[in-house]
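This report introduces a structure to a reader who has not met it before. The sequence and the structure are shown first, and the notes follow.

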Amino acid sequence: MYIHYLSTPPAPQDIKLYDHYNNRECLHCHLGARSFEEGVVHTADPSLLPAIKANQVSCMSSGCHETVHDLASLKNAKFWGGGLRF
């Protein structure tokens, strides 16, 4: 889902989705990744990972990955710095 603006984009707090966020946007990159497929939180409940993959449980659920919407404090977020894990 992409939104294009013909003028100045709105302030982050004013951006609202017009439809539910589809997990396919996350799964496009994360599906198959060891950190996703074998992550402790994703595998703690055996029904969670299949529900995420079927878009029945949102990646954006409270307590999961809502940080993606927290644009105001994104500059303070910790991100992966690179390097390979085997």
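## Contacts of L49

The model described here is predicted. In it, L49 is in contact with F36, E37 and H42, when neighbours within four places in sequence are left aside.

## The largest nonpolar core

L49 and F36 also belong to the largest nonpolar core, which has six residues in all. The other members of this core are C26, L27, I52 and C59. Two elements, α1 (24-30) and α4 (48-53), each give two or more residues to the core.

In soluble globular proteins, nonpolar side chains tend to be buried together. As a member of this core, C59 is an example of a buried residue, with a relative accessibility of 8%.

## Cysteines without a disulfide

The structure holds zero disulfides. C26 takes part in none, and the nearest cysteine sulfur to its own, that of C59, is 3.9 Å away.

Why is the sulfur of C59 not bonded to that of C26? The distance of 3.9 Å is too far for a bond, because a disulfide requires cysteine sulfur atoms within 2.5 Å.

## The backbone at N55

Most residues other than glycine have a negative phi. N55 is not a glycine, yet its phi is positive, at about 65 degrees. This residue is found in the segment after α4.

Is N55 buried, partly exposed or exposed? Its relative accessibility is 35%, so N55 counts as partly exposed.

How values were computed:
Residues numbered from 1 in each chain as written. Predicted model: local features only at pLDDT ≥ 70, side-chain atom pairs only at ≥ 80, totals over all residues. Heavy atoms only, no water. Core = buried A, V, L, I, M, F, W, Y, C linked by side-chain atoms within 4.5 Å. Buried < 20%, exposed > 50% of the residue type's maximum accessible area, 1.4 Å probe, protein only. Helix = DSSP H or I, 4+ residues; strand = E, 2+ residues; numbered from the N terminus. Contact = heavy atoms within 4.5 Å.
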